[in-house]
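Here is a walk through one structure, taken region by region. Keep the 3D view open and follow along as you read.

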Amino acid sequence: MSPAADPLAFQKCLHPACGATFSVDEVLTACPKCGNLLDLDYEWSRLPVPSNLREFEAAWSNRRDPLDYSGVWRFRRLLPFARDEQIVTIGEGQTILQPSIHVGHYVGMNAGCLSLQYEGLNPSGSFKDNGMTAASTHARMVGAKMAACASTGNTSASLAIYASTTRLFRVVVFIGSGKIAFGKLSQALDYEARTVQVEGDFDDALQRVQEVARERGIYLCNSVNPFRLEGQKTIMYRILEAMNWDVPDWIVVPGGNLGNSSAFGKAFAELKALGLISRIPRLAVINASGANTLYQLYEQQGLRWNGGQIDHAKIDVFFRKMDVDGQRADTLASAIEINRPVNLHKCLRALETCDGVVREVTDQEILDAKAQVGAGGFGCEPASAASVAGARKLRAEGVIAPSDRVVCILTGHQLKDPDATVAYHSSDRELFEKKLGTRGVKTAEFANRPVSVPNDLDAILKALDD
Ligand code: F0G
């Protein structure tokens, strides 16, 4: 492995005691010296960093330039690893920060204090496009012809859309069999990705795709790819932009493989170090209780980043016990049905940067919160609603104050998983039991039940009057 050739942008081992650097031209998913995850890092002092975040507003008047149009690349001076002509974009990141009085009320906030960041409005319907545009750019930089990922559904949909629209590379996606919502599976199939259903769950699929990528020299697009996380930083820039460059008090995000939370922490650490923000918001990462590795390790066992001195023995014991007990992730929020988050270390660093907290929420809490998000706005898939359910829990505990300014990240579009939504609202008890009851959901407090009527005008009018 060669040391960083390009002195302005380079890959760097996240472990402070190692700190090895590598060129951006290398395809790496772990430090070849010590095996830890890699970050992108920059020689900021020699780069044209804006002196004020308002400088990004100049891009708004230049929307015919695809790079200024993109909600990721209009911030490219904060992820400067590619030359403009290398960048792959399909217009990602046109997402909005929507204040929601309705959802705010549900969470227990004062009016106007809760906003929802709708990342489901991305081209493939989830936040993943923020990262995939960056990974696709790097894949083009290194001339990759084949790319792969394991996925609970959204990463695969995102990778597949970038491949089908740009035709730069072919794609193979690995998914756990029976573990993916149909909206997401239909995307991978429609976008012509080679789709491999591994008998097992996401944790199995991720392990296999890493082996296959190594074996065959395939470009890997899971969030162990440090370039992907650079793109995901921009979700935070857009929130600041929407808040007139003000910093919220809380960012609340669902946690699965922990790529997003890691990217958010990096974004804020960099902005602070560059003097572009004066303070860092607090970060709340929300696990589903059926996939709560981070919650258990961070909140119950006190695992911390600790300046890079992580207690590895604690993590080893935890995963060994998980294996011995044959414990598998199990939640209706299939996007975050993950027990072995690959970005655990990076997320611990982010939690330290952002004075973070972690909570777990049940599937019942997730589905109730999802119904409230739908009733109050654009809607989201189950995993995304974990952020709202988590904010509600933190508000009830008094950790979040009613006057705090809170942003919940809605990571995926409502139409990704219509089965869960229909089962929740349905008056068909059998359907409810089959889809939700078997997973521990007992009630549908916010169900909006469809009404069945005979094909008869009087009966229809009567039903409306009722
Ligand atoms: N929300 C949604 C809708 C997701 O698809 C994911 C992850 C997450 C939250 C969790 O984000 O991994 O950054 O903590 N989905 C991955 C996938 C694992 O394969 O699509 P994270």
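Isoleucine 175 is a good place to start in this predicted model. How much of isoleucine 175 is accessible, and does that make it buried or exposed? Its relative accessible area is 1%, and because the limit for a buried residue is under 20%, isoleucine 175 counts as buried. This residue is found in strand 7. Leaving aside residues up to four places away in sequence, isoleucine 175 touches Ser151, Ser156, Ile180, Leu185, Thr195, Val196, Gln197, Val198 and Ala205. For a sense of scale, pick out threonine 353 as well: isoleucine 175 and threonine 353 are 178 residues apart in sequence, with their C-alpha atoms 33 Å apart in space.

**Around helix 5**

One of the contacts of isoleucine 175 is Leu185, and Leu185 is among the buried residues of helix 5 (residues 182–190). The buried residues of this helix are Gly183, Lys184, Leu185, Gln187 and Ala188. A rule of thumb helps when you look at such a list: an α-helix has 3.6 residues a turn, so residues three or four places apart point the same way. The cover over the buried residues of helix 5 includes helix 4 (154–166), strand 7 (170–176) and strand 8 (194–198).

Next comes glutamate 192, placed in the loop between helix 5 and strand 8. Its relative accessible area is 60%, so glutamate 192 is exposed. Its phi is positive, near 70 degrees, in a residue other than glycine.

**The ligand site**

Now turn to the ligand, which sits in the largest cavity. Which residues come closest to it? The ligand is surrounded by 20 residues, and the closest are Ser151, Gly256, Asn257, Leu258 and Thr411. Ser151 also appears among the contacts of isoleucine 175. Helix 4 and helix 9 (259–273) each supply at least two residues of the shell around the ligand.

The backbone takes part here too. Oxygen atoms of the ligand lie 2.8 Å from a backbone N or O atom of threonine 152 and 2.8 Å from one of leucine 258. For glycine 259, a polar backbone atom is 3.0 Å from an oxygen atom of the ligand. Taken alone, the ligand exposes 470 Å², and the protein buries 99% of that.

**Helices 10 and 12**

Helix 10 is mostly covered, with 6 of its 8 residues buried. These are Thr293, Leu294, Tyr295, Gln296, Leu297 and Tyr298. What lies over them includes strand 11 (282–288), helix 11, helix 12 and strand 12 (357–361).

Helix 12 (residues 344–353) is mostly covered as well: 8 of its 10 residues are buried. The buried set is Leu344, His345, Lys346, Cys347, Leu348, Arg349, Ala350 and Leu351.

Asparagine 306 is found in the loop between helix 10 (293–300) and helix 11 (312–324). This asparagine counts as partly exposed because its relative accessibility is 47%.

**Positive phi values**

Several residues with a positive phi have come up or follow a helix discussed above. Here they are side by side.

| Residue | Place | Phi |
|---|---|---|
| Glutamate 192 | just after helix 5 | about 70 degrees |
| Glycine 302 | just after helix 10 | about 70 degrees |
| Asparagine 306 | loop between helix 10 and helix 11 | about 55 degrees |
| Aspartate 355 | just after helix 12 | about 45 degrees |

**Threonine 95 and histidine 105**

Is threonine 95 buried or exposed? With a relative accessible area of 12%, threonine 95 is buried. You will find it in the loop between helix 1 (66–69) and strand 4 (96–99). Its side chain makes a polar contact of 2.7 Å with the side chain of glutamate 119. Not counting residues up to four places away in sequence, threonine 95 touches Gln117, Tyr118, Glu119, Leu121, Asn122 and Arg238.

Histidine 105 is found in helix 2 (residues 101–107). At 65% relative accessibility, this histidine counts as exposed, because the cut-off for exposed is over 50%. Which separation do the C-alpha atoms of histidine 105 and arginine 392 show? These two residues are 287 residues apart along the chain, and their C-alpha atoms are separated by 9.6 Å.

Note on methods. Residues numbered from 1 in each chain as written. Predicted model: local features only at pLDDT ≥ 70, side-chain atom pairs only at ≥ 80, totals over all residues. Heavy atoms only, no water. Buried < 20%, exposed > 50% of the residue type's maximum accessible area, 1.4 Å probe, protein only. Helix = DSSP H or I, 4+ residues; strand = E, 2+ residues; numbered from the N terminus. Contact = heavy atoms within 4.5 Å. Near = heavy atom within 4 Å. Polar contact = N/O pair within 3.5 Å; in protein donor to acceptor, adjacent residues only side chain to side chain. Areas by Shrake-Rupley, 256 points an atom, 1.4 Å probe, with all protein chains shown as cover. 1 Å grid on protein atoms, 1.4 Å probe; cavity = no way out; pocket = protein on both sides within 12 Å on 5 of 7 lines; lining within 4 Å. Sits in = over half its atoms within 2 Å of the grid points.
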